[in-house]
Each structure stands twice: as C-alpha cells, then as structure tokens.
Amino acid sequence: MPRQARKRSVTAIYHVILRGMDKMSLFYDDNDRKLFLKQLKSQVCPDFEIYCYCLMTNHIHLLVKSNLLSHYMHHIAFVYAMWFNAKYHRKGYLFQDRFRSEGIETENYLIQCFRYILQNPVKAGICRQVSDYRWSSYRLYYNSSASFVNVGFIKNFFSDRIQFEKYLLERNQTSFLEYLSERQMRDERLREMLKALLRGRDIHTLAKNEQKMILRQMLRETDVELRQLARISGVSIGIIRYLNE
C-alpha cells in the first residue's frame with residue numbers, strides 16, 4: 001500500500017515526533033543527547049527553524065517551521081541513526097517508521113502545543129517541574145546566550161518571564177499528536193473507568209444531573225483531555241467544556 005502524502009501546513013509550522021523502533025531508547029547517555037542536538041543545530045537555516053524541542057528517552061518532540069520538512073527530518077534521523085549504530089555496534093532501523101507530523105494552523109494551537117511539548121517530562125513523571133528537565137529547550141527562552149532555537153516568537157505571546165512561567169504551569173485541555181498505541185491505551189483505561197461508573201447503564205439515558213456528575217468525576221479524578229472525554233463518552237464537546245468551567 002502506498003504511503004499517504006503528508007498534509008501540508010499553511011503556516012509551514014509542524015509538531016514532529018520521532019520514536020525509537022519498538023519503543024527502544026534513542027539515548028543511552030548525555031553524549032548521545034548532545035550529538036542529536038548538534039545534528040539538529042547543523043540543519044538550522046532560513047527554511048528550517050526550531051521553535052521548541054524535548055528529548056525523551058525513546059522519543060523526540062520538535063516544533064519546527066519548514067517548507068521542506070521531510071528533507072531535513074530524514075537527514076537528521078539518518079545521520080543520527082548511523083552514528084548511534086556505529087557507537088553501539090548494532091544494525092537495523094533505529095527509528096520507528098517515518099517521523100510523524102501535524103500541521104499547526106493557528107496561534108492558539110501553536111502556543112498550546114509548545115506548552116505540551118515542554119510539559120512532557122512532567123507528564124511522564126521524570127521531573128516535578130518543566131524547569132527541572134535538562135533536555136528540552138525550556139532554559140533557552142529567557143537566556144541571553146545565543147541559541148540555535150528561534151526564541152523570538154514567544155515575545156508575541158508573553159510580556160515577560162513571569163507570564164511565561166505561569167502559562168507553563170497550566171494544564172492542557174487539547175489533544176496533540178501522539179502515537180496511536182499510546183492514545184489507544186489511555187482510551188481503554190478511561191473507558192473502563194466510565195464503564196464502572198455507569199454500572200451497565202447508557203450515559204445517554206441517564207438523568208442530566210447524574211450524567212453531569214459522572215462526567216465531572218472523570219474530569220476531576222483523571223488527566224483526561226476535553227476532546228478525549230467527548231470522544232469516549234459520546235457527549236458533545238460543548239457540554240464537556242461547560243462542565244469543566
């Protein structure tokens with residue numbers, strides 16, 4: 001079956017994910033991470049800008065702007081994989097399939113995706129705060145030192161560092177690009193919880209007050225996103241948003 005063409009973003013800005021084959025680690029030590037960042041930096045040019053990055057153990061999040069995204073991402077992945085395989089005396093693919101990407105079409109989605117990427121280590125339980133994690137671009141945005149990351153764009157959204165830090169503490173309620181298997185596992189856990197709360201009943205036949213009580217409990221006791229809860233429960237996103245206010 002031929003591969004489906006990537007959907008192009010009208011802004012040329014993309015959220016990109018690279019994942020290790022079968023979830024294997026992409027970085028065994030800090031030198032590996034430094035090498036990847038060096039390779040990332042080497043590709044920066046007027047047609048390949050980096051807005052944000054976060055290196056996790058077995059996957060990588062990037063926020064980039066480029067009209068030649070595949071060209072640059074394939075080169076970065078190929079060079080790093082060759083170096084990694086040589087260092088660890090291994091053969092075969094390092095990255096799982098092609099990189100995944102999602103176009104960023106609005107400023108609101110851009111800044112929320114930016115926050116989502118920087119919050120990844122906290123969400124994964126690696127650290128308590130975004131500022132604790134060494135291998136993201138967080139520390140570059142209010143640093144006077146030169147960086148290969150385009151840090152100027154955040155001035156369009158935050159008047160100062162205090163506002164920036166406050167925003168990063170807020171919880172995301174929007175769904176972002178992830179690997180389907182991860183989304184499926186979360187969906188399954190949430191469906192089991194909803195099933196237990198419903199006790200064999202159909203949520204659409206419940207009295208409105210009881211329906212709202214169950215949905216509010218889901219929102220309160222889990223990290224479910226609003227669109228995710230709407231998808232799982234079959235209740236409209238408008239109602240879910242109202243219950244979350």
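## Salt bridges, rings and cores

Glu170 and Arg115 pair up through their side chains in a salt bridge, with N to O at 3.1 Å. This is a predicted model, so read every value here as computed from predicted coordinates. The Glu170–Arg115 pair joins distant parts of the chain: Glu170 sits in the loop between α4 and α5 (180-198), while Arg115 belongs to helix α3, 55 residues apart. The two partners differ in burial, as Glu170 is partly exposed at 37% relative accessibility, whereas Arg115 counts as buried at 4%. Arg115 has another partner too: it lies over the face of Tyr167, at 4.0 Å from the ring centre.

How many salt bridges does a search of the whole structure find? The search turns up seven. Side chains of opposite charge can pair when their charged atoms come close. Here are three of the pairs, including the one we started with.

| Salt bridge | N to O distance | Separation in sequence |
|---|---|---|
| Glu170 – Arg115 | 3.1 Å | 55 residues |
| Asp29 – Lys87 | 3.2 Å | 58 residues |
| Arg134 – Asp30 | 3.1 Å | 104 residues |

Take Asp29 and Lys87. Asp29 is in the loop between β1 and α1, and Lys87 is in helix α2. Asp29 counts as partly exposed at 27% relative accessibility, and Lys87 is partly exposed as well, at 29%. This pair isn't on its own, either: Asp29, Asp32 and Lys87 are linked in a network of salt bridges.

Next door in sequence, Asp30 in helix α1 meets Arg134 from the loop between α3 and α4, so this bridge ties together parts that are 104 residues apart. Arg134 is partly exposed, with 47% relative accessibility, and Asp30 is partly exposed at 29%.

### Rings

Now for the aromatics, where the count comes to 21 pairs. In one of them, the ring centres of Phe48 and Tyr72 are 4.8 Å apart and the planes are at 20 degrees, so the pair is stacked. Phe48 comes from the loop between α1 (30-43) and β2 (49-55), and Tyr72 from helix α2 (residues 69-87), so the stack ties together parts 24 residues apart in sequence. Phe48 is buried, with a relative accessible area of 0%, and Tyr72 is buried at 11%.

Which geometry do Tyr141 and Phe164 adopt? Their ring centres are 5.9 Å apart with planes at 50 degrees, so this pair is tilted. Tyr141 lies in the loop between α3 (107-123) and α4 (161-169), with Phe164 in helix α4, 23 residues apart. Both rings are tucked away: Tyr141 is buried at 5% relative accessible area, and Phe164 is buried at 1%.

Tyr141 and Phe164 also belong to one aromatic cluster, whose members include Tyr51, Phe114, Phe153 and Tyr167.

### Cores

Phe114 shows up again in the largest nonpolar core, a set of 56 residues in which Leu40, Leu63 and Phe114 touch the most other members. Elements giving two or more residues to this core are β1 (13-19), α1, β2, β3 (59-65), α2, α3 and α4. Beyond its neighbours within four places in sequence, what is Phe114 in contact with? Its contacts are Tyr51, Cys52, Leu63, Tyr141, Phe153, Ile154, Phe164 and Leu168.

There's also a second, separate core of 18 residues, and among them are Ile203, Val224, Leu226 and Val235.

Methods: Residues numbered from 1 in each chain as written. Predicted model: local features only at pLDDT ≥ 70, side-chain atom pairs only at ≥ 80, totals over all residues. Heavy atoms only, no water. Phe/Tyr/Trp six-rings, centres within 6.5 Å; stacked < 30°, edge-to-face > 60°. Helix = DSSP H or I, 4+ residues; strand = E, 2+ residues; numbered from the N terminus. Buried < 20%, exposed > 50% of the residue type's maximum accessible area, 1.4 Å probe, protein only. Lys NZ or Arg CZ within 6 Å of the ring centre and 35° of its normal. Core = buried A, V, L, I, M, F, W, Y, C linked by side-chain atoms within 4.5 Å. Contact = heavy atoms within 4.5 Å. Salt bridge = Lys/Arg side-chain N within 4 Å of Asp/Glu carboxyl O.
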